[in-house]
Amino acid sequence: MFIRRILGLGLFLSLCFNLQASHGQDSESSQGNQRKNVLFLISDDLNTRIGCYGDPLVQTPNIDRLAARGVLFQNAACQYPLCGPSRNSMLCGLYPDTTGIHGNAQIFRDSIPERWSLPQAFRLDGYFAGRIGKMYHYNVPKSVGTNGHDDPASWELELNPAGCDRLIEEPDIFTLRKNAFGGTLSWYASPRPDEAHTDGMLADDASWVLERCAKRNDRPFFLAVGFYRPHTPYVAPKEYFDLYDLEDMPLFDNVKEDNADVPEAALLSRKKEQELLTDDLRRKAVQAYYASTTFMDAQVGKVLDTLKRTGLDKNTIVVFTSDHGYFLGEKGLWQKQALFDQVAGVPLIIAEPGRTSGAVATSPVGLVDLYPTLTEWCDVPTQEWMQGQSLVPMLRDPSAAGRGHSLTMVVRNDRQAKQRYYGYSIRTQRYRLTLWDDGKRGTELYDHQNDPEEFTNLAHGDRKNDPEIATVIRELTQKLEAERTKGMPASGKRTEYKVGNWNPMLRIDN
């Protein structure tokens with residue numbers, strides 16, 4: 001079976017390399033492999049609890065070694081703390097209000113079909129564009145092994161392995177809600193080795209493609225590798241669980257006191273089944289998340305090792321990031337769809353070829369910035385419609401200020417009033433301001449210089465009447481409104497998402 005799989009990959013990849021050999025041939029024949037390649041690595045549901053971001057417990061040696069030779073963006077943020085909206089925003093270089101995607105199982109071709117995606121822009125300029133695993137939204141784990149809610153125009157090659165975590169082990173997975181894995185807390189310490197798991201197979205496929213690219217270096221490549229871990233279910237080989245003692249797993253006390261000054265709208269990501277969590281289950285959930293993170297990191301290491309072994313590292317830009325952050329019990333919350341720093345914030349590392357020492361950029365940036373950054377760096381033409389900023393100046397000088405802020409949003413549904421409303425959050429280097437329903441359902445202000453864990457809402461009660469605080473709220477509100485306006489289509493109204501006939505996938509939310 002393994003031999004047939006390799007032969008199938010070989011025939012398919014050879015076909016893909018020849019399908020568009022004529023596209024961009026004139027420009028590429030003179031440049032050959034002088035143009036920079038891009039290796040785009042993305043994890044799923046990974047927060048900044050990793051070694052290079054200062055976490056003392058979580059072991060991520062391979063991501064750490066990438067940071068040691070790249071630029072680590074200390075205050076990077078997603079634009080929407082949910083897989084589908086975040087990934088479509090990132091891959092389109094547009095805010096969610098412009099893509100029209102505020103939920104999972106949606107694809108931008110139904111709302112802005114004329115848009116070139118990031119990999120499509122590279123493909124149109126003569127690059128080989130390939131995807132292994134998850135880049136757009138997938139119903140994890142049910143869509144593992146399929147194209148998910150993918151965009152075929154983005155790629156010449158799509159590889160969708162499915163491992164034991166999807167095909168064999170689901171009956172063994174512990175879950176808070178029976179037969180539910182992707183949207184609820186669930187985990188399993190597997191007895192099977194790395195290479196039997198989906199992410200292990202992804203790493204193997206990525207290595208194979210890179211080896212092929214090294215032999216066929218007549219075209220530059222944009223290779224995207226989308227790992228599934230640590231997305232639920234937190235499934236990883238048992239050896240990674242053994243790295244973390246249950247007694248060392250953090251629990252968060254004083255949740256009621258912490259949330260006393262927080263608007264109710266900010267806490268609506270809670271799920272009913274999470275009330276079943278005991279302290280023992282909380283520790284096991286955190287252990288499983290950490291184990292899945294370290295397992296994913298090991299697969300990243302295999303891909304980076306192949307990049308170096310083939311010599312491709314000398315001309316390849318490497319990006320590592322996640323689609324959004326993740327709560328692990330802070331404020332009594334778990335998972336995503338919140339506008340606190342632990343969920344809006346993401347790891348982001350960009351390593352250029354030839355750089356041998358790491359640097360840290362502290363000015364806030366967003367995933368929406370990756371599109372203009374990579375296309376500028378590789379001299380790839382784009383459409384004029386772009387809402388992110390290029391990070392190239394910050395890569396050249398990590399102390400550069402850039403835009404100086406990032407914007408994150410989320411949608412809430414008031415089922416009782418049958419009304420939809422929006423939360424918007426702006427993050428500067430010092431502050432985070434969040435407005436719920438333009439402030440009508442609550443305002444939050446956190447001072448990260450003095451309160452990095454966002455314990456004290458300065459916009460609550462009498463605090464907001466302090467003249468200095470009032471000035472900060474007023475100025476950040478103006479800045480937030482300006483950025484939100486920038487993130488709208490030219491019409492000034494949000495793009496309405498309407499399901500068309502383009503996407504053949506059955507749309508089922510996580």
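Where does Met-409 have its place? Met-409 sits in strand 17, a strand that also gives the largest pocket the largest share of its lining, three residues. Please keep in mind that this is a predicted model. The points below start from Met-409 and then visit the pockets, a small sheet, a long-running helix entry and a hairpin.

**Met-409 and its surroundings**

- Met-409 counts as buried because its relative accessible area is 4%, and the cut-off for buried is under 20%.
- Leaving aside neighbours within four places in sequence, Met-409 is in contact with Gln-79, Tyr-80 and Pro-81, and also with Pro-96, Asp-97 and His-102.
- Further along the chain, the contacts of Met-409 include Leu-339, Tyr-422, Gly-423 and Tyr-424.
- Thr-428 comes 19 residues away from Met-409 along the chain, and 15 Å separates their C-alpha atoms.

**The largest pocket**

- The largest pocket holds about 900 Å³ of space.
- Its lining is made up of 29 residues, and those nearest the centre are Leu-82, Gln-337, Val-411, Asn-413 and Arg-415.
- Strand 12 (334–335), strand 17 (406–414) and strand 18 (419–427) are the elements that give two or more residues to this lining.
- Sorted by class, the lining of the largest pocket has 13 polar, nine charged and seven nonpolar residues.

**The second largest pocket**

- About 710 Å³ of space lies in the second largest pocket.
- Here 27 residues form the lining, with Thr-48, Arg-49, Tyr-53, Gln-342 and Glu-453 closest to the centre.
- Two or more lining residues come from each of strand 3, helix 12 (341–344) and strand 13.
- The lining of the second largest pocket divides into eleven nonpolar, nine polar and seven charged residues.

**A three-stranded sheet**

- Strands 13, 3 and 16 form an open sheet in the order 13-3-16, and the pairing is mixed.
- Strand 13 (345–346) and strand 16 (365–366) are the edge strands, each pairing on one side only.
- Strand 3 (residues 76–77) runs antiparallel to strand 13, and two bridges join them.
- Across this pair, Ala-76 stands opposite Val-346 of strand 13.
- Strand 3 and strand 13 are also among the elements that line the second largest pocket.
- As a general reminder, strands of a sheet pair through backbone hydrogen bonds, either parallel or antiparallel.

**Helix 11**

- Helix 11 covers residues 279–309, which is 31 residues.
- From first C-alpha to last, helix 11 reaches 45 Å, close to the 45 Å expected at 1.5 Å a residue.
- Most of helix 11 is covered, with 22 of its 31 residues buried.
- Gly-311, just after helix 11, takes a positive phi of about 80°.

**The hairpin of strands 19 and 20**

- Strand 19 (residues 431–436) and strand 20 run antiparallel, joined by five bridges.
- In this pairing, Tyr-431 stands opposite Asp-447 of strand 20.
- Six residues lie between the two strands of the hairpin, where Asp-437 takes a positive phi near 55°.
- Strand 20 (residues 443–447) is mostly covered, since four of its five residues are buried.

Technical notes. Residues numbered from 1 in each chain as written. Predicted model: local features only at pLDDT ≥ 70, side-chain atom pairs only at ≥ 80, totals over all residues. Heavy atoms only, no water. Pairing = 2+ DSSP bridges. Expected span 1.5 Å × (residues − 1). Buried < 20%, exposed > 50% of the residue type's maximum accessible area, 1.4 Å probe, protein only. 1 Å grid on protein atoms, 1.4 Å probe; cavity = no way out; pocket = protein on both sides within 12 Å on 5 of 7 lines; lining within 4 Å. Points joined across faces, edges and corners; volume = space filled by probe spheres on them. Nonpolar A, V, L, I, M, F, W, Y, C, P; charged D, E, K, R; others polar. Contact = heavy atoms within 4.5 Å.
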